[in-house]
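The following exercises concern strand pairing, helix packing and cysteine environments. Each task is followed by a solution in steps.

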Amino acid sequence: MVQDGEGSVGPAHAPAHVPVMLAEVLALLAPALEPTPQTPHPVLVDCTLGLAGHASALLEACPEAHLVGLDRDPQALAIARERLAPYADRVTLVEAVYDELPDVLADLGRPRVQAVLLDLGLSSLQIDSAERGFAYAADAPLDMRMGRSGPTAAEVLNTYEVRDLARVLRRYGEERFADRIARRLVEAREVEPFARSGRLVELLRAAIPMATQKTGGHPAKRTFQALRIEVNGELAALESVLPSAVSALAVGGRIAVLAYHSLEDRPVKQVLAAGAADRAPRGLPVVPPELRAELELLTKGAQRPTEAEVALNPRATSARLRAAARIFDPRQAGGRPPTPPDGVPLAGARETPRTTTRPEEVGA
């Protein structure tokens, strides 16, 4: 997936889907998907299935693996279903937001899995479907929903107070001119409510100083990112799913996360680093077994795409890949369940309905 809608084109002219850092993801996750006598059919959970580029490659490379694919976007699930038809007997698709992972696994009777993948941000489908309003390069209705429910971007723009709009722009877009933009948005909507992205882009061009536009990229980039995150509750869902994903891993299982900006990458780094540190008090000469580290980091910092990949697929430019392996489960030693670092909440199930596609339906 990718960060934003810069340079988007319509579906009829969309480039072929190119999974970001595919070789690196395969190298990190495939070892956990090798069958063993105890686990003859290891399970991969792709929490952000999208167009199934990573998932199909992993199923091809790991012929005994079973896929549980989650996505909140029914259009993406329909396309993924077609792409995954050759592996129909090894695939279960679920329409769900990724922070519903604990409930999904409970419903499927899969309390432990061998691999988890999170590819954050927008999918190529969402960017290239101009009518969904994610891209600032095309005039379209201000929707920006990844799924079928929740408020649209237009509703956020037309109903939030100035201070709330400024908060969203500052927090989720890291926009320097959040207060100025928020005031102008409220003034403009009193004349006419916002409905399409083109008018919003015009306002942003006028609100942001020209000197900043020359050095800071497209003037709409940060605002569109902020609105998308707000509409879809992306960061709250991410902070919720990370500890749940680690908790779902069997010992020997692996997790890989692709993030596309610092707001996504920061909680990933925090949760994996916390899991890779023991929990014994400082100065204790011996770490009790139940307090030892639960994870081993598989990447030194965040891996970045190669220059060759970026040249072929510019949407990979900002990707950051982190991964870890589960080396210890304190519950097996009678200890407490894993806990996230301070400020990262435990997973909480959403009260939204979801639809499960069983394996026999995938090729339908």
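**Exercise 1.** Determine how many bridges join strand β1 to strand β4, and state in which sense the two strands run.

*Solution.* In this predicted model, β1 is paired with β4 (residues 113–119) through three bridges. The two strands run parallel. One position fixes the register: the bridge partner of D46 in β4 is L117.

**Exercise 2.** Identify the strand that is joined to β1 by four bridges, and describe the unit that β1 forms with this strand and helix α2.

*Solution.* Strand β2 (residues 66–71) is joined to β1 by four bridges, and the pair runs parallel. Within this pairing, V45 has V68 of β2 as its bridge partner. Helix α2 covers residues 53–61, and together β1, α2 and β2 make a β-α-β unit that is right-handed.

**Exercise 3.** Assign the side chains of β1 (residues 43–46) to the two directions in which they point, and decide whether they are buried or exposed.

*Solution.* In general, side chains of a regular strand alternate between the two faces of the sheet. In β1, V43 and V45 point one way. L44 and D46 point the other way. As to accessibility, all four of these residues are buried, the criterion being a relative accessible area under 20%.

**Exercise 4.** Establish which strands pair with β7 (residues 320–326) in the antiparallel sense, and how much of β7 is covered.

*Solution.* Strand β5 (residues 249–259) is joined to β7 by six bridges and runs antiparallel to β7. A259 of β5 lies opposite R320 in β7. Strand β6 (residues 295–297) also pairs with β7 in the antiparallel sense, over three bridges. There, L295 has R326 of β7 as its bridge partner. Concerning coverage, β7 has seven residues, of which six are buried.

**Exercise 5.** Characterise the packing of helix α4 (residues 101–108) against helix α12 (residues 234–248) by geometry and by residue class.

*Solution.* The helices pack at an angle of about 35°, and their axes are 9 Å apart. On the α4 side, the contact is made by L101, P102 and L105. Their counterparts in α12 are V241, S244, A245 and A248. Sorted by class, this contact has six nonpolar residues, one polar residue and no charged residues.

**Exercise 6.** State how many disulfides the model contains, and whether C47 and C62 are buried or exposed.

*Solution.* A disulfide is a covalent bond between the sulfur atoms of two cysteines. The cut-off applied is a sulfur–sulfur distance within 2.5 Å. By this rule, the count is zero disulfides. C47 has a relative accessible area of 1% and is therefore buried. C62, at 2% relative accessibility, is likewise buried.

Definitions and conventions
Residues are numbered from 1 along each chain as its sequence is written. This is a predicted model: local features need pLDDT of at least 70, side-chain atom pairs count only at pLDDT 80 or more; totals for chains, interfaces and linings use all residues. Side-chain values use heavy atoms; hydrogens and water are left out. Buried means under 20% relative accessible area, exposed over 50%, partly exposed in between (1.4 Å probe, protein chains only). Two strands pair if DSSP finds at least two bridges between them. A crossover is right-handed if, with the strands pointing away from the viewer, the path from the first strand over the helix to the second runs clockwise. Axes are lines fitted to C-alpha atoms, for helices over the stretch in contact, and angles run from 0 to 180 degrees between N-to-C directions. Contact means heavy atoms within 4.5 Å. Ala, Val, Leu, Ile, Met, Phe, Trp, Tyr, Cys and Pro count as nonpolar, Asp, Glu, Lys and Arg as charged, and the others, Gly among them, as polar.
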